[in-house]
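Subject: Structure handover

Hello,

Here is the structure I said I would pass on. Please open it alongside this message.

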Amino acid sequence: MRTCSVDALRATPRLAAAALSLAASLTAHAAPAAPPASAASVAERKELYEGKCGGCHSVDANRIGPLHRGVVGRKVGSVKDFNYSPALKSLGGVWTPERLDAWLTNPQAVAPGTAMFFMVDDASQRAAIIAYLKSVSP
Ligand code: HEC
């Protein structure tokens with residue numbers, strides 16, 4: 001009986017430690033996934049934008065592609081001094097989040113012959129990038 005209870009006493013702290021470290025790792029994993037508007041996710045969206053689009057676009061300057069500030073709600077092909085392809089120039093309408101989603105899924109399907117070929121296959125990445133574009137639009 002005595003050995004038994006000693007074993008139990010020895011085992012308990014180990015169990016408690018295991019439970020604590022499990023709880024700690026669960027908390028650590030849960031934290032970054034928290035509310036979508038947290039500072040961390042804003043930074044992550046910007047990073048995703050820079051990584052995927054930054055090779056050709058920037059928010060405030062025309063590069064290989066047109067500048068993006070104000071793009072949500074902006075007329076398609078309307079940035080001054082950017083030399084659009086005829087395909088994009090003649091597309092018409094305004095960039096909505098839905099339209100941007102289709103564009104990023106496959107620009108050639110939206111405006112056949114456009115000079116943009118880059119696609120984002122992952123829907124959650126498209127959503128994060130569009131959320132970022134919204135954040136730099138009025
Ligand atoms: C390899 C270069 C390249 C990459 C990468 C790229 N684009 Fe483009 N993008 C272009 C070019 C070039 C145009 C102009 C297309 C035209 O004139 O037909 C364009 C046009 C656009 C337009 C139309 C803007 C307007 O004023 O009508 C949007 C919106 C856009 N890109 C979003 C994005 C986003 C968001 C990403 C990142 C996920 C991205 N692009 C990645 C080259 C690129």
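Below is what was found in it, from the overall fold down to single residues.

Please keep in mind that this is a predicted model.

Overall fold

The protein chain has six helices and zero strands. Read from the N terminus, its elements therefore follow the order α-α-α-α-α-α, each helix being a DSSP run numbered from that end. Of the 138 residues in the protein chain, 15% are buried. Among the contacts with a separation of 6 or more, 45% join residues that are 24 or more positions apart.

Helix 2 and helix 6

Two packed helices are described by the angle between their axes and the distance between the axes. For helix 2 (39-53) and helix 6 (residues 123-135), the angle is about 105° and the axes are 9 Å apart. Angles of 65 to 115 degrees count as roughly perpendicular, so helix 2 and helix 6 are roughly perpendicular to each other. On the helix 2 side, the contact is made by Arg45, Lys46, Leu48, Tyr49, Lys52 and Cys53. On the helix 6 side, Gln125, Ala128, Ile129, Ala131 and Tyr132 take part. Sorted by class, the contact of helix 2 with helix 6 has seven nonpolar, one polar and three charged residues.

Lys46 is worth finding on screen. Lys46 lies in helix 2, and its C-alpha atom is separated by 6.3 Å from that of Tyr132, although the two are 86 residues apart along the chain. Is Lys46 buried or partly exposed? Lys46 has 17 C-beta neighbours inside 10 Å, so it counts as partly exposed.

Helix 4 and helix 6

Helix 6 also packs with helix 4 (residues 97-105), at an angle of about 130° and with the axes 10 Å apart. That angle makes helix 4 and helix 6 oblique to each other. Their crossing is right-handed. Helix 4 brings Pro97, Leu100, Asp101, Leu104 and Thr105 to this contact, and helix 6 brings Arg126, Ile129, Ile130, Leu133 and Lys134. By class, the contact of helix 4 with helix 6 has six nonpolar, one polar and three charged residues. Ile129 is listed in the contact with helix 2 and again in the contact with helix 4.

Pro97 lies in helix 4. Its C-alpha atom is separated by 6.4 Å from that of Ile130, and the two residues are 33 residues apart along the chain. Not counting residues up to four places away in sequence, Pro97 touches Val72, Ile130 and Lys134. Pro97 is partly exposed, because 14 other C-beta atoms lie within 10 Å.

The ligand

Which residues come nearest to the ligand? Of the 26 residues around the ligand, these are Cys53, Cys56, Gly65, Ser85 and Met116. By class, the shell divides into 19 nonpolar, six polar and one charged. Helix 2, helix 3 (86-89) and helix 4 each supply at least two residues of the shell. Helix 4 gives the largest share, three residues. Cys53 is also one of the helix 2 residues that meet helix 6.

Met116 is found in the loop between helix 5 (107-110) and helix 6. Its C-alpha atom and that of Ser85 are separated by 9.2 Å, and the two residues are 31 residues apart along the chain. Leaving out residues up to four places away in sequence, Met116 touches Gly65 and Pro107. A residue is buried if 20 or more other C-beta atoms lie within 10 Å of its own; Met116 has 19 such neighbours and so counts as partly exposed.

Two further residues

Lys89 has its place in helix 3. Lys89 and Gly77 are twelve residues apart in sequence and 5.1 Å apart in space, C-alpha to C-alpha. Leaving aside neighbours within four places in sequence, Lys89 is in contact with Gly77 and Tyr84. With 15 other C-beta atoms within 10 Å, Lys89 is partly exposed.

Asp81 lies in the loop between helix 2 and helix 3. Asp81 has a positive phi of about 65° although it is not a glycine. Asp81 has 7 other C-beta atoms within 10 Å, so it is exposed.

Regards

Conventions:
Residues numbered from 1 in each chain as written. Predicted model: local features only at pLDDT ≥ 70, side-chain atom pairs only at ≥ 80, totals over all residues. Axes fitted to C-alpha atoms, helices over the stretch in contact; angles between N-to-C directions. Helix = DSSP H or I, 4+ residues; strand = E, 2+ residues; numbered from the N terminus. Parallel < 35°, antiparallel > 145°, perpendicular 65-115°, else oblique. Left-handed = near helix turned anticlockwise from the far one by under 90°. Contact = placed C-beta atoms within 7 Å. Nonpolar A, V, L, I, M, F, W, Y, C, P; charged D, E, K, R; others polar. Near = placed C-beta within 6 Å. Buried ≥ 20, exposed ≤ 12 C-beta atoms within 10 Å, placed from the backbone.
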